[in-house]
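This report describes how the parts of one protein chain are packed and held together. Please keep the model in view while reading.

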Amino acid sequence: MTPYSTTTAPSRTTAPARFLLLGDSHAGPIGRAAKAAGIPFHGGPIGAGREFTADFFDVRGDDIVFRKPEADRYYRRFLAELDTPALGALTVPLVSTLGFSAHFVATAENWKVYRVRGAFPPGFLASRHFDGIVLSMSRGALAFYRRARRLGLRTLAVMPPQRVPGHADAAVFRAAQDTLRRALLPLGVEIVDLRERATDSTGRQRPELCEPDDTIHGNLAFGRMILADLLARGL
């Protein structure tokens, strides 16, 4: 795991950071793209995606404390680089991939009980029951975004590469993302959703946007697509 924090512009002059990036490994290509383009920012991956679904932080005043010490150390370093004492004092947008590693939610073994003769009942993946399961499994991520919005932060959540590893149920993977998206939009979270542009006719991530020898991550080209979307939004 590598944080990609930087505030060095191509001219080697110091420029104010344009956003704070907090995420799992899916934040890596975003950070690499911003660094390569000379876009000043701070942040990067602070842990693995599976660590950011259920409860993973505590509230402390106008700040949060990540329960995993390593994640909190990265977070504190990024805040210090921004000369910011707490999340609530952040003056730049928050960009995050936390909670959108849908392949963990979609672990196929967990969903076998809901299949009947190998298939989900009609309407199951669009049902309140399905939404409830996904939101319960992702409660920590939802609480994180809710907290960021209550602190008044402009918050952007980045949806993951459309890559489904062998242990995950592809139908659940795709449906779970929509459940999370629907839950976050009413909070005022902006969703960076590149699925239509990044996938082929089957809904899979286009090969040229995939990290080679890897089953879940996007590559630098995908990171550049996300960065372009962020810049188009004024970051």
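## Core, helix and side-chain pairs

At 1% relative accessibility, Trp-111 counts as buried. The model is a predicted one.

**The nonpolar cores**

Trp-111 belongs to the largest nonpolar core, which has 47 residues, and together with Phe-66 and Phe-144 it touches the most other members. At least two residues of this core are supplied by each of strand 1 (20-23), strand 4 (63-66), helix 2, helix 3, helix 4, helix 5 and helix 6 (170-184). Helix 6 gives the largest share of this core, with six residues. Apart from this core lies another one of 21 residues, including Ile-30, Val-95, Met-225 and Ile-226. As general background, nonpolar side chains tend to be buried together in soluble globular proteins.

Which residues does Phe-144 touch, not counting those up to four places away in sequence? The list consists of Leu-22, Phe-56, Phe-57, Ile-64, Phe-66, Leu-94, Ser-96 and Leu-98.

**Helix 5**

Phe-144 is also one of the buried residues of helix 5, a group completed by Gly-140, Ala-141, Leu-142, Tyr-145, Arg-147 and Ala-148. An α-helix has 3.6 residues a turn, so residues three or four places apart point the same way.

The length of helix 5 can be checked by a simple calculation. Helix 5 covers residues 139-150, which makes twelve residues, and at 1.5 Å a residue the helix should span 16 Å. Its end C-alpha atoms are 16 Å apart, in agreement with that expectation. Just after helix 5, Gly-152 adopts a positive phi of about 85°.

**Aromatic pairs**

The number of aromatic pairs in the model is 16. One of them joins Phe-66 and Tyr-75 in an edge-to-face arrangement, with 5.2 Å from centre to centre and 70° between the planes. Phe-66 counts as buried because its relative accessibility is 3%. Tyr-75 is likewise buried, with a relative accessible area of 0%.

A further pair, of Trp-111 and Phe-130, is tilted: the centres are 5.3 Å apart and the planes make an angle of 45°. Trp-111 lies in the loop between helix 3 and helix 4, whereas Phe-130 lies in helix 4, so this pair ties together parts that are 19 residues apart in sequence. Phe-130 counts as buried, at 0% relative accessibility.

One aromatic cluster is formed by Phe-52, Phe-56, Phe-57, Phe-66, Tyr-75, Phe-144 and Tyr-145. A charged side chain can also be found beside a ring: Arg-115 lies over the face of Phe-120, at 4.0 Å from the ring centre.

**Salt bridges**

Side chains of opposite charge can pair when their charged atoms come close. The count of salt bridges in this model comes to 19. Three of these pairs are set out below, with the distance from N to O.

| Salt bridge | Distance, N to O |
|---|---|
| Glu-109 and Lys-112 | 3.2 Å |
| Glu-190 and Arg-154 | 2.7 Å |
| Arg-233 and Asp-229 | 2.6 Å |

Is Glu-109 buried or exposed? With 53% relative accessibility, Glu-109 counts as exposed.

Why does the salt bridge of Glu-190 and Arg-154 tie together parts that are 36 residues apart in sequence? Glu-190 lies in strand 7 (residues 190-192), while Arg-154 lies in the loop between helix 5 and strand 6 (155-158), so the pair links those two parts. Glu-190 counts as partly exposed at 22% relative accessibility, and Arg-154 counts as partly exposed at 30%.

In the pair of Arg-233 and Asp-229, Arg-233 counts as partly exposed, at 29% relative accessibility. Asp-229 counts as buried, at 16%. Salt bridges that share partners join Arg-154, Glu-190, Asp-229 and Arg-233 into one network.

**Positive phi in two loops**

Asp-83 has a phi near 55°, a positive value in a residue other than glycine. Asp-83 is placed in the loop between helix 2 (69-81) and strand 5 (94-96), and at 70% relative accessibility Asp-83 counts as exposed.

Arg-117, which is not a glycine either, has a positive phi of about 50°. The loop that holds Arg-117 runs between helix 3 (102-105) and helix 4 (128-137). Arg-117 is exposed, and its relative accessible area is 83%.

Notes. Residues numbered from 1 in each chain as written. Predicted model: local features only at pLDDT ≥ 70, side-chain atom pairs only at ≥ 80, totals over all residues. Heavy atoms only, no water. Helix = DSSP H or I, 4+ residues; strand = E, 2+ residues; numbered from the N terminus. Expected span 1.5 Å × (residues − 1). Buried < 20%, exposed > 50% of the residue type's maximum accessible area, 1.4 Å probe, protein only. Core = buried A, V, L, I, M, F, W, Y, C linked by side-chain atoms within 4.5 Å. Contact = heavy atoms within 4.5 Å. Salt bridge = Lys/Arg side-chain N within 4 Å of Asp/Glu carboxyl O. Phe/Tyr/Trp six-rings, centres within 6.5 Å; stacked < 30°, edge-to-face > 60°. Lys NZ or Arg CZ within 6 Å of the ring centre and 35° of its normal.
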